[in-house]
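Welcome, and please open your viewer with a cartoon and a surface ready to switch on. We will go from stop to stop, selecting a few residues each time.

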Amino acid sequence: RVGEDVVVAVGGGTAPHVGCVVLAQPCRSRTRPGVVSASCSVLTIPPHKEEPIARTIAAALAVGLDRVAVVTAGVHDDNLDAAGVADYLRLGEELAARLVAELARG
């Protein structure tokens with residue numbers, strides 16, 4: 001936590017790094033009371049592909065905690081196939097849910 005906001009660094013594989021940064025803020029619908037989404041700003045260092053992981057986690061935190069969230073992600077595995085990519089995306093979704101649950105408890 002940084003004050004009321006949240007900063008998360010996600011790294012993995014054989015060479016963790018900063019490949020993408022996503023800043024997400026909660027946005028309340030003006031036409032549908034109670035509906036909250038996340039507005040995301042993304043910085044990616046080409047040719048990195050971690051945006052889907054970082055965006056999923058940042059948006060979940062912003063909506064689930066009603067806080068600004070910054071997530072940086074950098075995962076590197078040589079010769080990663082489609083199944084490996086799918087595993088990382090699934091793990092990102094699971095991590096997002098766990099972080100929201102843990103941080104919501106205080």
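Helices and strands here are DSSP runs, numbered from the N terminus: a helix is H or I over at least four residues, and a strand is E over at least two. This is a predicted model, in which local features need pLDDT of at least 70 and side-chain atom pairs count only at pLDDT 80 or more, while totals for chains, interfaces and linings use all residues. Residues are numbered from 1 along each chain as its sequence is written, and side-chain values use heavy atoms, with hydrogens and water left out.

**Stop 1: the largest pocket**

Select α1 (51–65), β4 (69–76) and α2 (82–104), each of which supplies at least two residues of the lining of the largest pocket. A pocket is found on a 1 Å grid over the protein atoms alone: it is an open set of points where a 1.4 Å probe fits, with protein on both sides within 12 Å along at least five of seven lines, whereas a cavity is a set from which the probe cannot get out; lining residues have an atom within 4 Å of a point. Grid points are joined across faces, edges and corners, and the volume is the space filled by probe spheres set on them. Rolling a probe the size of a water molecule over the atoms shows where empty space is left.

How big is the volume of the largest pocket? It is about 350 Å³. Now show K49, E50, V75, L80 and V85 as sticks: of the 16 lining residues, these are the closest to the centre of the pocket. Which element gives the most to the lining? That is α2, with 3 residues.

Try colouring the lining by class. You should find 8 nonpolar, 4 polar and 4 charged residues. In this scheme Ala, Val, Leu, Ile, Met, Phe, Trp, Tyr, Cys and Pro are nonpolar, Asp, Glu, Lys and Arg are charged, and the others, Gly among them, are polar.

**Stop 2: a nonpolar patch**

Keep V85, which is found in helix α2, and add L80 and L89. Together L80, V85 and L89 make a nonpolar surface patch of about 220 Å². Patch residues have over 30% relative accessible area and no salt bridge; nonpolar side chains (Val, Leu, Ile, Met, Phe, Trp, Tyr) are joined within 5 Å, and like charges within 9 Å. Areas come from the Shrake-Rupley method with a 1.4 Å probe, and for residues only the protein chains shown count as cover.

V85 is partly exposed, because its relative accessible area is 39%; buried means under 20%, exposed over 50%, and partly exposed in between (1.4 Å probe, protein chains only). For contrast, select G84, also placed in helix α2. Is G84 buried or exposed? G84 counts as buried, since its relative accessibility is 12%.

**Stop 3: salt bridges**

Next, look for a side-chain nitrogen of Lys or Arg within 4 Å of a carboxyl oxygen of Asp or Glu, which is a salt bridge here. The count comes to 6. Start with R67 and E4, whose side chains meet at 3.0 Å, N to O. This pair links distant parts of the chain: R67 is in the loop between α1 and β4, and E4 is in the segment before β1 (6–13), 63 residues apart.

Move to R90 and D87, joined by a salt bridge of 3.7 Å, N to O. They are separated by about one helical turn, because they are 3 residues apart in helix α2. Then select E102 and R105, with their closest N and O atoms 3.0 Å apart in a salt bridge. E102 is partly exposed at 48%, while R105 is exposed at 65%. Add E94 to the view as well: salt bridges that share partners join D87, R90 and E94 into one network.

**Stop 4: backbone details**

Select P46 and P47, where the peptide bond is cis, with omega near 5°. P47 sits in the loop between β3 (36–44) and α1. Two residues other than glycine come next. D66, in the loop between α1 and β4, has a positive phi near 55°. N79, in the loop between β4 and α2, has a positive phi of about 60° and is exposed at 79%.

**Last stop: across the chain**

Finish at S41 in strand β3. S41 and L23 are 18 residues apart in sequence, and their C-alpha atoms are 5.2 Å apart in space.
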